[in-house]
Amino acid sequence: MKPLTREAIKVQLHKARLLLKCEIDEKTGCWIWLGSTDKRGYGHIKVDGARIPVTRLAYALWKGKALPPDRKAMRTCKNPRCFNPVHARVKRMKLRRTENVQGQ
Ligand SMILES: [Zn+2]
């Protein structure tokens with residue numbers, strides 16, 4: 001058996017971190033985050049010192065590719081704590097530039 005690369009080990013580690021703090025809703029298929037959340041109830045996790053949304057991390061881990069900075073993983077279900085990548089749809093984020101745009 002080939003040894004795993006550091007990157008592959010990190011993927012397994014982060015998947016395990018997410019799954020250890022998750023409860024699966026068998027009716028909806030939602031992966032409900034039991035860890036810390038922000039004020040709006042969205043799950044966050046610390047990775048390499050930065051807090052990132054669990055949906056973003058789950059998407060990168062299970063889809064095998066990171067989301068570009070201007071995209072986010074939106075839920076297709078109604079559960080704000082769900083991070084099942086199957087329930088995520090990629091959306092382009094609107095950049096807030098009103099101050100620069102106005103009056104130009
Ligand atoms: Zn869901």
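**Exercise 1. In this predicted model, find the handedness of the crossing of α1 and α2, then work out how the two helices lie to each other.**

Step 1. Start with the handedness: α1 and α2 cross in a left-handed way.

Step 2. Now see who makes the contact. On α1, look for Val 11, His 14, Lys 15 and Leu 18. On α2, the partners are Val 54, Leu 57, Ala 58 and Leu 61.

Step 3. Sort those residues by character. You get six nonpolar, one polar and one charged in the contact of α1 with α2.

Step 4. Check the geometry. Helix α1 covers residues 6-20 and helix α2 covers residues 54-63. Their axes sit 10 Å apart, and the packing angle is about 135°.

Step 5. Name the arrangement. Angles over 145 degrees count as roughly antiparallel and 65 to 115 as roughly perpendicular. An angle of about 135° fits neither, so α1 and α2 are oblique to each other.

**Exercise 2. Describe how β3 and β4 pair, and find the residue with a positive phi in their hairpin.**

Step 1. Locate the strands: β3 is residues 44-47, and β4 is residues 50-53.

Step 2. Get the direction. The two strands pair in the antiparallel sense, over four bridges.

Step 3. Pick out one bridge: His 44 is partnered by Pro 53 of β4.

Step 4. Go to the turn. Two residues lie between the strands of this hairpin, and Asp 48 has a positive phi near 50°.

**Exercise 3. Sketch the whole protein, then decide where to be careful when reading the model.**

Step 1. Count the elements: the protein has three helices and six strands.

Step 2. Put them in order. Along the sequence the pattern runs α-β-β-β-β-α-β-β-α.

Step 3. Add the overall dimensions. Along the principal axes, the C-alpha atoms fill a box of roughly 60 × 35 × 25 Å.

Step 4. Look at the confidence. Mean pLDDT is 89 for the protein, with 90% of its residues at 70 or more.

Step 5. Find the weak spot. Over residues 99-104 pLDDT stays under 50, and the model gives this stretch zero contacts beyond four places in sequence. Where pLDDT is low, don't read the predicted coordinates in detail.

Notes. Residues numbered from 1 in each chain as written. Predicted model: local features only at pLDDT ≥ 70, side-chain atom pairs only at ≥ 80, totals over all residues. pLDDT = per-residue confidence, 0-100. Contact = placed C-beta atoms within 7 Å. Axes fitted to C-alpha atoms, helices over the stretch in contact; angles between N-to-C directions. Parallel < 35°, antiparallel > 145°, perpendicular 65-115°, else oblique. Left-handed = near helix turned anticlockwise from the far one by under 90°. Nonpolar A, V, L, I, M, F, W, Y, C, P; charged D, E, K, R; others polar. Pairing = 2+ DSSP bridges.
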